[in-house]
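Work through these short exercises on charged side chains. Try each task before you read its solution.

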Amino acid sequence: MTNQSGSKRPWAEPFRIKVVEPLKTTNAAYRSQALEEAGFNTFLLRSGDVYIDLLTDSGTSAMSDQQWAAMMTGDEAYAGSENFYQLEEAIRSAYGYRYVVPTHQGRAAEHIISRIMIKEGDIIPGNMYFTTTRLHQELAGGQFIDVIVDEAHDPDSEFPFKGNVDLDKLQGLIDRYGAERIPYVSIATSVNMAGGQPISLANLRELRELTAKYGIPIIHDMTRVAENAYFIKVREEGYRDAAISDIVLEICSLTDGATMSAKKDALVNIGGFLAVNNEEIFEEARNLVVVYEGLHTYGGMAGRDMAALAVGIGESIDEDHIRARVGQVQYLGEQLMKAGIPVVQPIGGHGVFIDAARFLPHLQQDEFPAQTLAAEIYLDSGVRAMERGIVSAGRNKKTGAHNYPRLELLRLTIPRRAYTQAHMDVVAASVNAVFRKRESIGGLRMIFEPRYLRFFQARFERGS
Ligand code: P71
């Protein structure tokens, strides 16, 4: 195998393991019962019944010895915790945003910024929706409209920057609705629902130029900004020798503010923040956070959580870390590709996304192919994955019909620093075993559907 730096030598994780957590194995009969009890929804499984947990990379990464040491320095004062000032400094120096409002996780930051900036009837263009982001935009009275490049909706396109914005689509929205109805453009780095695909700096710069003409700000979902920076380094002309830390700063400098779920890139189990450059927005956010989260110097995090996050931010932009992190994801993707399994191209930064529509072509989309595939992989081996297809896409707000997304994906998401290459081999073998019997797999029927973010709690049974 050729490793990320192009040499033929194998790569290894840039850490050694000091604390281990035993994994539980189960047999097929046990898993079958666990899956029934969970209504064929991997979100409803007990984690103790899971062998290798690739549900998400959110809050599931391993902290370093330095982060654990920082936890002991937690200043648990209600107001003015020292750790808040450490965190503020870490955010300013790594990301460059001026003002920081801590929150307990990403969606709380999305809630606050949406309430402040969006009014009834507004349009929020963005490079593909994310579930919680779009929901908060809608709850604030706005409508999200996708302006990502068409390639992002094509699992086979090898376009290197599928997170890019199609500037013509955006211009079309500005012409149609007027800039006054567009409070900001919502831009994610490492676009999750497209398969962890990056946006290029060239595209971001052009976007900046276009929006500046109309005075429209850009709000950055920076949940996986370091992984995006890594792809810029290896794919975008002129950045091969740039430091990840500089690329991250450059990305942030082209935007006006950011929401962050620190549970991903930033290597903590809980935490997030809103960061902005505009003082008035900051003042309002600092006021709102006390209504929904907690005082503005902790926002739902303990002092020790903020301490671990301040250290995690630094580690997340370390060159060895990010190369190995993305490298491990690529490794799993290559194993699956070698077995002929249809995966989204190019392999993303935080997980491998299987094209469930092609894996189970005999199923209709309303038989929930990705949900079905998640269930089958769990049954085969106890590996847990996540649906990112029609169940995640929810219903049309006006008509009540299912949204039928063009991507019907299953995500094998890799936590950072938690699993080894051998675990990846086990996962690949399991997916392959399911692939070989794919023709015998039937679909699912939804028997319970909650009102919000249905994928978390919906229940299914066999047979459509
Ligand atoms: C992921 C998650 C966690 C999740 C959230 C909703 C449904 C399923 C899983 C969370 C993100 C994210 C991006 C790009 C904001 C959030 C919310 N991702 N933006 O991928 O990926 O952050 O979970 O901290 O509230 O498993 P939060």
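## Salt bridges, step by step

Arg 208 is partly exposed, with 23% relative accessible area. The model is predicted.

**Exercise 1.** Find the salt-bridge partner of Arg 208 and place both residues.

*Solution.*
- Step 1: Arg 208 pairs with Asp 256, and their closest N and O atoms are 2.8 Å apart. That is within the 4 Å cut-off.
- Step 2: Arg 208 sits in helix 7 (residues 201-214). Asp 256 is in the loop between helix 9 (244-253) and strand 6 (257-261). The two are 48 residues apart.
- Step 3: Asp 256 has a relative accessible area of 25%, so this residue is partly exposed.

**Exercise 2.** Decide whether Lys 233 is buried or exposed, then describe its salt bridge.

*Solution.*
- Step 1: Buried means under 20% relative accessible area. Lys 233 has 16%, so Lys 233 is buried.
- Step 2: Lys 233 forms a salt bridge with Glu 319, with 3.1 Å between the closest N and O atoms.
- Step 3: Lys 233 belongs to helix 8 (residues 225-235) and Glu 319 to helix 12 (residues 319-338), so the bridge ties together parts 86 residues apart in sequence.
- Step 4: Glu 319 is partly exposed, at 26%.

**Exercise 3.** Which residues do salt bridges with shared partners join into one network?

*Solution.*
- Step 1: The network holds Asp 57, Arg 224, Glu 227, Arg 325 and Arg 416.
- Step 2: For the wider setting, a search of the whole structure finds 25 salt bridges.

Key
Residues numbered from 1 in each chain as written. Predicted model: local features only at pLDDT ≥ 70, side-chain atom pairs only at ≥ 80, totals over all residues. Heavy atoms only, no water. Salt bridge = Lys/Arg side-chain N within 4 Å of Asp/Glu carboxyl O. Helix = DSSP H or I, 4+ residues; strand = E, 2+ residues; numbered from the N terminus. Buried < 20%, exposed > 50% of the residue type's maximum accessible area, 1.4 Å probe, protein only.
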